[in-house]
Amino acid sequence: MKRALTLLVLLILSVMSPALAAGKWVATPYAPAKVVFEFYLDDPQKIGSALYWVRALMNPLQAAPYNYTPEDLNVVVVIHGNEIVTVATRNEAKYQDAVERMRYYADLGVSFRVCGQAAEDFGYAVKDFQDFIEVVPNAITELAHWQQQGYALITPHVMEKKFDIETIR
């Protein structure tokens, strides 16, 4: 009798285990974001991928169940790597897609700030940048400032894609 009961329990568990093993959706109770992104990229072409990090923050917070408006979100992007060339007006044609995306986010209230020291290293002056760019004295000081104001620091790590999803799935 005991053996039959053990077998019955094992049979029930084996049938239920696939259902128990499945993941579940959780709607974390997110508050409106206060985020500073640090863009310090080695290749200007990676700016597009880094901007997906901004999208990945904003889109879920603007969708149900959160339904925050862009005005509810406080997002700052500090630019101080080789991607600085993407926001120079003389390079607008070369980086048009990225500039349009940044302008879109700027219109939603995202603040784009360029490190003044990096700008100087690249030979740029304030007048050389897109109209949605604010030049600040120093990127590191700027990042510290926003963190002291309670902003979370997010630094996108943009990697080279070596495998397509189907190959590694």
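This report describes helix α3 and two buried loop residues, Val110 and Gln130, in a predicted model.

## Helix α3

Helix α3 comprises twelve residues and spans 16 Å from its first C-alpha to its last, close to the 16 Å expected at 1.5 Å a residue. Four of its residues, Ala98, Val99, Met102 and Tyr105, are buried, and because they cover an arc of only 125° around the axis, they lie on the same side of α3. The elements covering these buried residues include α2 (47–62), β2 (74–79) and β3.

On the face turned away from that buried side, α3 carries the exposed residues Asp97, Tyr104 and Asp107. The helix is followed by Gly109, which has a positive phi near 110°.

## Val110, between α3 and β3

Val110 lies in the loop that joins α3 (96–107) to β3 (111–115), and with a relative accessible area of 5% it is buried. Beyond its neighbours within four places in sequence, Val110 is in contact with Val54, Met58, Val75, Val77 and Tyr105, the last of which is one of the buried residues of α3. Although Val110 and Asn74 are 36 residues apart in sequence, their C-alpha atoms are 7.1 Å apart in space.

## Gln130, between α4 and β4

Gln130 is found in the loop between α4 (116–121) and β4 (133–136); its relative accessibility is 4%, and it therefore counts as buried, for which the cut-off is under 20%. When neighbours within four places in sequence are left aside, the contacts of Gln130 are Val87, Ala88, Thr89, Glu92, Val99 and Arg103, and among these Val99 is a buried residue of α3.

Definitions and conventions. Residues numbered from 1 in each chain as written. Predicted model: local features only at pLDDT ≥ 70, side-chain atom pairs only at ≥ 80, totals over all residues. Heavy atoms only, no water. Helix = DSSP H or I, 4+ residues; strand = E, 2+ residues; numbered from the N terminus. Buried < 20%, exposed > 50% of the residue type's maximum accessible area, 1.4 Å probe, protein only. Contact = heavy atoms within 4.5 Å. Expected span 1.5 Å × (residues − 1). Arc of directions from axis to C-beta.
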